[in-house]
Amino acid sequence: MSSTTTQTLSIVCDNSIKTSDNQYKLSIGNLASRSVQSITLKSCNFKNIFYNVISSNSKLKNNTFHSHLDGVEENFDIPEGFYNINELLDAVSVGISSFFLTQPIPPTLVDLSYNSITGKVSIEVDDNGSAVIYEIRGLDKPNSINFLLGNTVNLALNSVSGSQTPSVFDSIVNLSGQQCVNLVCEQISKNSGAYASSSQLNGNLNNSIRNIPVNAAFGNTIQYASFDTDADSLNYSPSINLSDLVFSIVDTATNTILDMSATTVCLELILYFS
């Protein structure tokens, strides 16, 4: 690079600089008077706090289980959190059994279980002579408990007492949760190839400094380190003068700013000055 001087900027994004809209505002002081030719993301660390069952974010909400009993919608929600398969099946079992008990002749949830060999869930219901038809309604419900459990089609159960058989969901279980996030800062992306005006924000045009893989288990620390300076650099022509920086962690698919208040986001940026 043709820059004559560099400076490493260590940034701690915590609740002390957090704004009401879940962003982090950093005052850069005397750096604002210097012309920046390039910025490289050296590292980014934060704890994986991303739930796989979400209720608090309307764009990411997926905590509803969808079903019909004799054509009548019988949906229920479960609390948000990070669930393993046994915990999630227990929560769904409680929900199904609860509304079964409201029926004149309550059906029985005989089995709701996971096959670790096939990766699929099976369900068995006994109508106890009521002749009701119970249907799991996963079709066109990508943001749902159904989808997490591998139910992506509408599945009418054979629940006739004495002849009922288990029904298997069509797809494998996926409880992995968040796969990646974007580290976003409009002030850094501006005048670079990553910049998009507010009217252009969609898809990957989201002022991202870097896409960060969520490669640590829930509760563990995601540690991103740059191994490719070119890929992790934003270059400016002409050079820019930075203003106060506003950072956020954003859901890649929906461009939704994520609430990171339960962890601290630590960044290291290398600034190259003209």
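1. Helices (H or I, at least four residues) and strands (E, at least two) are taken here as DSSP runs, numbered from the N terminus. With that convention, Asp140 lies in the loop between strand E10 and helix H2, the latter covering residues 145–148. The structure under discussion is a predicted model, and the points below should be read with that in mind.

2. Asp140 deserves a look at its backbone, since its phi is near 60°, a positive value in a residue other than glycine. Its side of the picture is an open one: Asp140 has a relative accessible area of 66% and is therefore exposed, the cut-off for that class being over 50%. As background, most residues other than glycine have a negative phi.

3. A second residue of this kind is Asp70, which is not a glycine and yet has a positive phi of about 55°. Asp70 sits in the loop that runs between strand E5 (67–69) and strand E6. Because its relative accessibility is 46%, Asp70 is classed as partly exposed.

4. The strands on either side of Asp70 belong to an open sheet of four strands, ordered E6-E5-E10-E11 and paired in the antiparallel sense. Its edges are strand E6 (72–73) and strand E11 (154–156), each of which pairs on one side only. Between strand E10 (residues 134–137) and E11 there are three bridges, and these two strands run antiparallel; within this pair, Glu135 has Ala156 of E11 as its bridge partner.

5. Which loop holds Asp127, and is this residue buried or exposed? Asp127 is placed in the loop between strand E9 (120–126) and E10, and with a relative accessible area of 3% it is buried, the limit for that class being under 20%. Not counting residues up to four places away in sequence, Asp127 touches Ile105, Pro107, Val132, Ser159, Val160 and Ser161. Asp127 and Leu109, 18 residues apart in sequence, have their C-alpha atoms 8.8 Å apart in space.

6. Turning to the nonpolar interior, the largest nonpolar core has 40 residues, and the members that touch the most others are Phe46, Ile188 and Phe247. A second core, separate from this one, consists of 30 residues, among them Val53, Leu89, Val132 and Tyr134. Val132 is thus a member of the second core and also one of the contacts of Asp127.

7. For Phe46, once its neighbours within four places in sequence are left aside, the contacts are Val181, Ile212, Asn220, Thr221, Ile222, Ile249, Met260, Thr263, Thr264 and Val265. Two of these, Thr264 and Val265, also appear among the residues that Val12 touches, together with Ile17, when residues up to four places away in sequence are not counted. Val12 itself is part of strand E1 (residues 5–13), and its relative accessibility of 46% is why it counts as partly exposed. A long span separates Val12 from Phe147: the two are 135 residues apart in sequence and 36 Å apart from C-alpha to C-alpha.

8. Strand E13 (residues 180–184) is largely enclosed by the rest of the structure, because four of its five residues are buried. It pairs with two strands that are worth tracing. With strand E14 (residues 208–213), E13 pairs in the antiparallel sense over five bridges, and here Leu183 has Arg210 as its bridge partner. With strand E17 (residues 245–251), E13 is joined by four bridges and again runs antiparallel, Asn182 being partnered by Val250 of E17.

9. How do the side chains along strand E15 (residues 221–225) alternate, and which of them are buried? Ile222 and Tyr224 point to one face and are buried, whereas Thr221, Gln223 and Ala225 point to the other face and are not. Both Thr221 and Ile222 are among the contacts of Phe46. E15 is joined to strand E3 (residues 35–47) by five bridges, the two strands running antiparallel, and the bridge partner of Ser43 in E15 is Ala225.

10. Finally, on the surface, Tyr51, Phe82 and Phe218 form a nonpolar patch whose accessible area is about 250 Å² together. Phe82 belongs to the loop between strand E7 (76–77) and helix H1 (85–100), and because its relative accessibility is 30%, Phe82 counts as partly exposed.

Methods. Residues numbered from 1 in each chain as written. Predicted model: local features only at pLDDT ≥ 70, side-chain atom pairs only at ≥ 80, totals over all residues. Heavy atoms only, no water. Core = buried A, V, L, I, M, F, W, Y, C linked by side-chain atoms within 4.5 Å. Buried < 20%, exposed > 50% of the residue type's maximum accessible area, 1.4 Å probe, protein only. Contact = heavy atoms within 4.5 Å. Patch = residues over 30% accessible without salt bridge, like charges linked within 9 Å, V, L, I, M, F, W, Y side chains within 5 Å. Areas by Shrake-Rupley, 256 points an atom, 1.4 Å probe, with all protein chains shown as cover. Salt bridge = Lys/Arg side-chain N within 4 Å of Asp/Glu carboxyl O. Pairing = 2+ DSSP bridges.
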